[in-house]
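Hello,

Here is the structure I promised to pass on to you. Please have a look at it first, and then read my notes below.

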There are 2 protein chains.
Amino acid sequence: MSTAEETTAGDPQAWAEVTPDAARRLLIAAVEAFAERGYHATTTRDIAGRAGMSPAALYIHYKTKEELLHRISRIGHEKALDILRTAAGREGSAAERLADAVSSFVRWHAGGRTTARVVQYELDSLGPDARAEILALRRQVDAEVRGIVEDGVADGSFDVPDVKGTTLAILSLCIDVARWFSLDGPRTPDEVGALYADLVLRMVGSK
Amino acid sequence: MSTAEETTAGDPQAWAEVTPDAARRLLIAAVEAFAERGYHATTTRDIAGRAGMSPAALYIHYKTKEELLHRISRIGHEKALDILRTAAGREGSAAERLADAVSSFVRWHAGGRTTARVVQYELDSLGPDARAEILALRRQVDAEVRGIVEDGVADGSFDVPDVKGTTLAILSLCIDVARWFSLDGPRTPDEVGALYADLVLRMVGSK
DNA sequence: GGGGAGACTAAGCGCTCGCTCAGGTTCGGC
DNA sequence: GCCGAACCTGAGCGAGCGCTTAGTCTCCCC
């Protein structure tokens, strides 16, 4: 369990795959603006302004404002899925893997709260095609967690009457961190991750 | 534990305190529209249209679009707080009261998903004064749940290392139901309430 | 150093937004 | 039968929206 990598919108490394530089600056500006005010309340002028450009510059790199949200959402979901896959694929007991998955997933939602907010809460602002693509990624996220829970049930280390419902609750708990977490609050992302890993192990009756 | 009372936006009884009739119809229309598309993506024309009125009629009963959201949010929070207070004040062990609080709170978020969505997720669309008023109500919600958890810890029936953090997680879990629950899904509000009550009792190490 | 490609801006188009206002309709009190 | 109050509509204002276009600037290749 490494310490939480910073994946705030301000970290250019998290968006290294977005090129050229101007397109990345615009995308980072959009993440910040969407997280603060929501997609619909954000104007293209605001995004371009934060990136130090004129409004028209946005349309050289992105066809529409929605394409920006789509790109952000896809990259974010892929990152989230990657985090869970890494934890799920490690050596160790089901309890260890579940604790690792939850704590790193929570750290991502807390530390990268800006990004996570957009990724988790602006899904409905996408058009039907883009939303369908993202929902497919979310089903994969669900499958990773459910896999770990099923492993623990199969080897008798977990006691879970309702695997699907419990999986849903675990993910719901983690995702909602993006709604309430604040870097100004009393807890660090690491602390919330550790607390939540413990709570989730209790939920699955880990022994 | 009664069965979930219907508190969907369509239920006029839930908004009985809003008068006259036209003002209530507008408010119900606003709840539905805000829940479907979000506050900023909803137009005053849409709200008035759903209520069968012209756009101008809205401004006879409400000063601004934001006042509509404020009224909805305040009434909704008061209802949520009422539900928790009722459960917290009942006779019975801490475990019984916590299970009752969680299951009825979850039933409200699931069954009245339309209202709960607006109440829980459109808070940031309010201006500073209105938001401050609502946040005060939320602190009272938090205090009710924390009180039950503290009771259980005090009498030794709960094992909770971090009372504040666990209270936050419990509420977070319940609130997020409004994000993912669908009446078309495989679970009824009652079933989710029962599942969540069990999960929360596990989280607090109830014995 | 001439020329084309790519990146960017100033200006603004067409549209829809929240909200307003003058005027019409309905209805109880007298 | 008339009046004022309450309620509602049709028309539309000013502003700001997403997005486009014409043109400028900066490179790099030759």
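**The surface near DNA strand C**

The surface near DNA strand C is made up of seven nonpolar, six polar and three charged residues. In this classification Ala, Val, Leu, Ile, Met, Phe, Trp, Tyr, Cys and Pro are nonpolar, Asp, Glu, Lys and Arg are charged, and the others, Gly among them, are polar. Altogether 16 residues surround DNA strand C, and the closest are Ser54(A), Ile60(A), His61(A), Thr44(B) and Arg45(B). A residue is near a strand if one of its heavy atoms lies within 4 Å of it.

Before going further, a word on conventions. This is a predicted model, in which local features need pLDDT of at least 70 and side-chain atom pairs count only at pLDDT 80 or more, while totals for chains, interfaces and linings use all residues. Residues are numbered from 1 along each chain as its sequence is written, chains are lettered from A and ligands numbered from 1 in the order in which they are written, and side-chain values use heavy atoms, with hydrogens and water left out.

Back to strand C. Of its atoms within 4 Å of the protein, 50% belong to sugar or phosphate and the rest to bases. Chain B makes several polar contacts with its phosphate oxygens, including a backbone N or O atom of Thr44(B) at 2.9 Å, a polar side-chain atom of Tyr59(B) at 2.9 Å and a side-chain N or O atom of Lys65(B) at 2.9 Å. A polar contact is a pair of N or O atoms within 3.5 Å; within protein, one must be able to donate a hydrogen and the other to accept it, and residues adjacent in sequence count only if both atoms are side-chain atoms. Helix H3 (58–61) of chain A and helix H2 (44–50) of chain B are the elements that give two or more residues to this surface. Helices here are DSSP runs (H or I, at least four residues), numbered from the N terminus.

**DNA strand D**

Around DNA strand D there are 17 residues, of which Thr43(A), Tyr59(A), Ser54(B), Ile60(B) and His61(B) come nearest. Sugar and phosphate make up 50% of the strand D atoms that come within 4 Å of the protein. This surface divides into seven nonpolar, seven polar and three charged residues. Helix H2 (44–50) of chain A and helix H3 (58–61) of chain B each supply at least two of them.

Which atom of Arg45(B) lies 3.4 Å from DNA strand D, and what does it face? A polar side-chain atom of Arg45(B) is at that distance from a base oxygen. The backbone also takes part: a backbone N or O atom of Ser54(B) lies 2.8 Å from a phosphate oxygen of strand D, and a polar backbone atom of Thr42(A) is 3.2 Å from a phosphate oxygen.

**How the two chains meet**

Chain B can be laid on chain A with an RMSD of 0.1 Å by a turn of 180° and a shift of 0.0 Å along the axis, which is the relation of a two-fold axis. The same surface serves both copies, since 97% of the contact residues of chain B recur in chain A. The superposition is by least squares on the C-alpha atoms of residues with pLDDT of at least 70 in both copies.

In numbers, 30 residues of chain B are in contact (heavy atoms within 4.5 Å) with 29 residues of chain A. The two chains bury about 2400 Å² between them, 55% of it on carbon and sulfur atoms. Buried area is the accessible area (1.4 Å probe) that two parts lose on being put together, summed over both. In chain B, Arg179(B), Arg202(B) and Met203(B) lose the most area to chain A, together 24% of what that side buries.

Six salt bridges are counted between chain B and chain A, where a salt bridge is a side-chain nitrogen of Lys or Arg within 4 Å of a carboxyl oxygen of Asp or Glu. Asp124(B) pairs in this way with Arg117(A), the closest N and O atoms being 3.4 Å apart.

Best wishes
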